[in-house]
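User: Hi! I'm new to protein structures and would like to walk through this one with you. Could you look at it with me and answer some questions?

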Amino acid sequence: EKAIKDEKKEFLISSGQLQRDFIPISKVSEYIMEFMLKNKKSGIYNCGSGKPTSIIEMIENTKKKYQSSIKIVEGGIPIREDEPFSFWADMKKYYES
């Protein structure tokens, strides 16, 4: 969003095929409120959508939302050697508690 708001012409990414777990902050707030109100067991919980979304899909959705024509440059930055291709939150502990 920042590159669009800053009216950049291009947005450099490594690979649009990498997958991440994107979640709106409003949903994170819902999870926190539900956690507090239902007295769930204490501990460490994952918080996410529970499903992977490709980076390019997320960017394209953001472009559409803002009606942007920013150019996406895949391969514009290198992929880190230790970067996982795909990861997302395992929400099982949250839903089972």
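User: Which elements are included in what covers the buried residues of α3?

Analyst: Happy to help, and keep in mind that this is a predicted model. The buried residues of α3 are I55, I56, I59, T62 and K63. What covers them includes one helix and several strands, namely α1, β1 (10-13), β2 (19-20), β3 and β4 (71-74).

User: Why are the buried residues of α3 on the same side of the helix?

Analyst: A general rule helps here: an α-helix has 3.6 residues a turn, so residues three or four places apart point the same way. In α3 the buried residues are I55, I56, I59, T62 and K63. They sit on the same side of α3 because the arc they cover around the axis is only 125 degrees.

User: Which exposed residues does the face of α3 turned away from its buried side carry?

Analyst: The buried side of α3 holds I55, I56, I59, T62 and K63. Turn to the face directed away from that side, and you find the exposed residues K64 and K65.

User: Is I56 buried or exposed?

Analyst: I56 is found in helix α3. A residue counts as buried when its relative accessible area is under 20%. The relative accessible area of I56 is 17%, so I56 is buried.

User: What distance separates the C-alpha atoms of I56 and G16?

Analyst: Leaving aside neighbours within four places in sequence, I56 is in contact with I13, G16, Q17, I72 and E74. G16 is therefore one of the contacts of I56, a residue that is buried at 17% relative accessible area. I56 and G16 are 40 residues apart along the chain, yet their C-alpha atoms are separated by 4.2 Å.

User: Which element gives the largest share of the largest nonpolar core?

Analyst: As a general tendency, nonpolar side chains in soluble globular proteins are buried together. Here the largest nonpolar core has 9 residues: A3, I4, I13, L18, I55, I56, I59, I70 and I72. Two elements, α1 and α3, give two or more residues to this core. The largest share, 3 residues, comes from α3.

User: How many residues are in the second, separate core?

Analyst: Among the members of this second core are Y31, Y45, A89 and Y94. Counted in full, this separate core has 5 residues.

User: Is T53 buried or exposed?

Analyst: T53 lies in strand β3, which spans residues 53-54. Apart from neighbours within four places in sequence, T53 is in contact with L18, Q19, R20, F22 and M58. Under 20% relative accessible area counts as buried. T53 has 14%, so T53 is buried.

User: How far apart in space are F11 and V73, C-alpha to C-alpha?

Analyst: F11 lies in strand β1 and is partly exposed, with a relative accessible area of 33%. Not counting residues up to four places away in sequence, F11 touches A3, I59, I70, K71, I72 and V73. Although F11 and V73 are 62 residues apart in sequence, C-alpha to C-alpha they are separated in space by 6.0 Å.

User: How many nonpolar residues does the lining of the largest pocket have?

Analyst: About 170 Å³ of space lies in this pocket, and its lining includes F11, F22 and M58. α1 (2-5) and α3 (55-65) each supply at least two lining residues, and the largest share, 5 residues, comes from α3. By class, the lining has 1 polar residue, 2 charged residues and, to finish with the number you asked for, 9 nonpolar residues.

User: What is unusual about the phi of Q67, and what is its value?

Analyst: In general, most residues other than glycine have a negative phi. Q67, in the loop between α3 and β4, is not a glycine, yet its phi is positive. At 75% relative accessibility, Q67 counts as exposed. The phi of Q67 is about 50 degrees.

User: Which loop does E7 lie in?

Analyst: E7 is another residue other than glycine with a positive phi, near 60 degrees. E7 counts as exposed because its relative accessibility is 66%, and over 50% is the cut-off for exposed. Its place in the chain is the loop between α1 and β1.

Definitions and conventions
Residues numbered from 1 in each chain as written. Predicted model: local features only at pLDDT ≥ 70, side-chain atom pairs only at ≥ 80, totals over all residues. Heavy atoms only, no water. 1 Å grid on protein atoms, 1.4 Å probe; cavity = no way out; pocket = protein on both sides within 12 Å on 5 of 7 lines; lining within 4 Å. Points joined across faces, edges and corners; volume = space filled by probe spheres on them. Helix = DSSP H or I, 4+ residues; strand = E, 2+ residues; numbered from the N terminus. Nonpolar A, V, L, I, M, F, W, Y, C, P; charged D, E, K, R; others polar. Buried < 20%, exposed > 50% of the residue type's maximum accessible area, 1.4 Å probe, protein only. Contact = heavy atoms within 4.5 Å. Arc of directions from axis to C-beta. Core = buried A, V, L, I, M, F, W, Y, C linked by side-chain atoms within 4.5 Å.
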